[in-house]
Amino acid sequence: MKQTFKKILYGGDYNPNQWPREIWDEDMRMFQKAGINSATINVFSWAKIQPSEEVYNFSELNQIVSMLCRENYNIVFGTSTAALPAWMVKRYPEVARTDYEGRHHKFGQRHNACPNSPVYQKYVKELVTRLVKHYGDNEHVTCWHVNNEYGGECYCENCEKAFRVWLRKKYGTLANLNKAWNLEFWGHTVYSWDEIVLPNALSEGLEDDRTAFAGISIDYHRFMSDSMLENYKLERDTIKQYQPEALVTTNMMGTYKGLDYFKWAKEVDIVSWDNYPSYNTPWSYNAMCHDLMRGVKKMPFMLMEQTPSQQNWQPYNSLKRPGQMRAQSYQAMAHGADTIQFFQLRRSVGGCEKFHGAVIEHAGHENTRVFREVAQLGNELKKLNGYIPGSVKEAKVGIIFDWDNYWALEYTSGPHKDLKYVEQIHQYYEYFYKKNIAVNIIPTDDNFEQYDLVIAPVLYMVKEGVADALEKFVRRGGTLVTGFMSGLVDQSDNVYLSGYPGPLRSLAGVWVEEIDALAPEQKNTVAFKDGMKAGCRMLCDIIHLESAEMIAEYTSDFYSGTPSVTRNPFGEGQTYYIGTVCDEEALSKILNMAVTDAKISPVIDTETQLEITYRETDTGRLHFVINFKDEPQELPPQFAGERDLINDEVLKEGLQLKKYDVKIIFIKFA
Ligand code: GLA
Ligand code: ZN
């Protein structure tokens, strides 16, 4: 067990620079009451600390840092590079972005810098150098928070030029590039590098976010993700040049589409992320995002931001109900968070976030529901310092999540516009969530041998080496679940010509001859051998059995009676192929079979509607038992007589957990 923090960081984004000096002491008093021990500062202060091209002014920042040091805070130090100062855009318009429609932007908003602007890079390096030289030695600086929520895209001329360089490196020759993008199609062959145009609304863009050449657009996504990663690395390397031991991160956004976080995770010392579900986001979805954020680095992460109460940027910014923020924080910890941090500590008076919740609300004092709940949690967390930081979670089930597939699946024109990558992954994840079966979310190049069951939904793009690795895994006894829209294209979005599902064909033991697309009002049915029937929709693969056996068949249309779900024994293991988007009942039935084949067991044997998950220290297992249901749920009998760490009391048999109740139970290894 490798521990990043000595204790749980509890705090969040703190912007005293937006407030008169008199208020700061009041802040310190109240935060102490709430058990807050960490502050994330200087996230959006570029214009303040560099008011003009030649002038740097750290005097206010010095005061903030001194105060936090006096109060013994952990400082999460922002670098301020996520919002451009006005003077820079005025003098060097190239630092601003050009959008997908080709409009070059003026000064405004944030997350607004062109990642390939040499001017932006120059000023970033200069600023970060000064910050790290000035504050790097300070022992209270626990962690560096680079930029903020990297994301978005730029389609400017600097980016176009950089894209060509990136492509030259990737493809070497134009012949390779023409072939990879299949530019013979519509006569788009290019004969010199500078004929390559970036893909936006003015070039290859089609309606509905589709594109005439998905291969180009996927490469542009890869390039944008890499460009921003280069920006991040520039800051990180600058910090490390002066402070080689510094802990450096940047806040990610869960399933955010724009950046390949598996690639990014290799460059951060610890993953941190911002969790902003909306009022109706399923709890299983939150859990999945946490598992993904743990999965990208296989390490505990920082919950860098969440709101203590409401947000401002959703369509409906509901309050978190009493107890909800607490339960949600424990859920984050259950899935790998070592910190609980809020956006933000004091609510703004103006700007678009004035209705965003904060630890200190506009009332300005501590007699609020939100403050009391924050303080309760802060004081509880003190009891968990010995258990949480660094404790790990491993699982025997791996669900593949892959950004190349995310981009490719959603760019491709046909067969169905409603097919959404994350939704599909979540449908599978939800099954395991409801069963309390622990899951790791894994990349396509993971070592599959660590798992007994690998789930690969919509593995549309099969990159080099992946099919071989999956075959090896199944041959040695693993169980694989895959299905429709899998095995179709290579890394450049060109179809495998060996019959669908391409490189997965022998592993699945089926040949898919055609793919039918069903409009929203159309349905089909999967009928299992035991008579059970359930609905299916959206896509129906028309399947021929090769070595697989049929598990279920369709019941209508011209392919009625043909297989919809199959199972193929392969080596010591087996592959399930699910040829259609199944209703929950049918999917559960199939996954039950796969779980039985793979001999997977849930965290506890008892069936329950409680969320039960765990982390492990070197000496035992920490169970998190949370009720996210409206109705009370009974404590599973195996926990009766055990001690709840939060309240330090022995749990009684038959105990009813109300909505948002949490129990944390540590059981030593035998
Ligand atoms: C993001 C940003 C924060 C803040 C919050 C509001 O996560 O990182 O600066 O704007 O959203 O929800
Ligand atoms: Zn640009």
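## Domains, an interface and a ligand site

The protein chain of this predicted model is divided into domain 1 (9–155 + 218–384), domain 2 (157–208), domain 3 (397–598) and domain 4 (611–668). The account below begins with domain 1 and domain 4, turns to the ligand, and ends with some details of the backbone.

The centres of domain 1 and domain 4, taken over C-alpha atoms, are separated by 32 Å, and the contact between these two domains takes 19 residues from domain 1 and 12 residues from domain 4. The size of an interface is often given as the accessible area lost when the parts come together. For domain 1 and domain 4 the buried area is about 1400 Å², with carbon and sulfur atoms giving 63% of it. On the side of domain 1, Trp283, Tyr330 and Ala334 supply 32% of the area that this domain buries against domain 4, which is more than any other three residues supply.

Polar and charged pairs also cross this interface. Six residue pairs in polar contact are found between domain 1 and domain 4, with both residues of each pair at pLDDT 80 or more, and the interface has one salt bridge. Two elements, helix 11 (324–334) and strand 9 (337–342), each supply at least two residues of the side of domain 1 that touches domain 4, and helix 11 gives the most to that side, with seven residues. Sorted by class, the side of domain 1 that touches domain 4 has nine nonpolar, five polar and five charged residues.

Side chains of opposite charge can pair when their charged atoms come close. The structure holds 43 salt bridges, and two of the pairs may be looked at singly. In the pair formed by Asp338 and Arg615, the closest N and O atoms are 2.6 Å apart. Glu380 forms a salt bridge with Arg326, where the closest N and O atoms are 3.0 Å apart. Because Glu380 lies in helix 12 (residues 369–381) and Arg326 in helix 11, this pair ties together parts that are 54 residues apart in sequence.

Which residues are found around ligand 1? They are Phe44, Arg110, Asn148, Glu149, Asn251, Asp274, Tyr276, Glu305, Trp313, Phe343, Glu353 and His356. For three of these residues the distance from a polar side-chain atom to an oxygen atom of the ligand can be followed in turn. In Glu305 a polar side-chain atom lies 2.6 Å from an oxygen atom of ligand 1, in Arg110 such an atom lies 2.8 Å from an oxygen atom of the ligand, and in Asp274 the corresponding distance is 3.5 Å.

The remaining details concern backbone geometry, and here it helps to recall that most residues other than glycine have a negative phi, and most peptide bonds are trans. A cis peptide bond joins Gly414 and Pro415, with omega about 0°, and Pro415 is found in the loop between helix 13 (403–411) and helix 14 (421–435). Tyr500 and Pro501 are likewise joined by a cis peptide bond, with omega about -5°; Pro501 is in the loop between strand 13 (479–483) and helix 16 (505–508). Met538, although not a glycine, has a positive phi of about 65°, and its place is in strand 16 (residues 533–545).

Methods:
Residues numbered from 1 in each chain as written. Chains lettered and ligands numbered in written order. Predicted model: local features only at pLDDT ≥ 70, side-chain atom pairs only at ≥ 80, totals over all residues. Heavy atoms only, no water. Domains from an automatic or database assignment. Contact = heavy atoms within 4.5 Å. Buried area = accessible area lost by both parts, 1.4 Å probe. Salt bridge = Lys/Arg side-chain N within 4 Å of Asp/Glu carboxyl O. Polar contact = N/O pair within 3.5 Å; in protein donor to acceptor, adjacent residues only side chain to side chain. Helix = DSSP H or I, 4+ residues; strand = E, 2+ residues; numbered from the N terminus. Nonpolar A, V, L, I, M, F, W, Y, C, P; charged D, E, K, R; others polar. Near = heavy atom within 4 Å.
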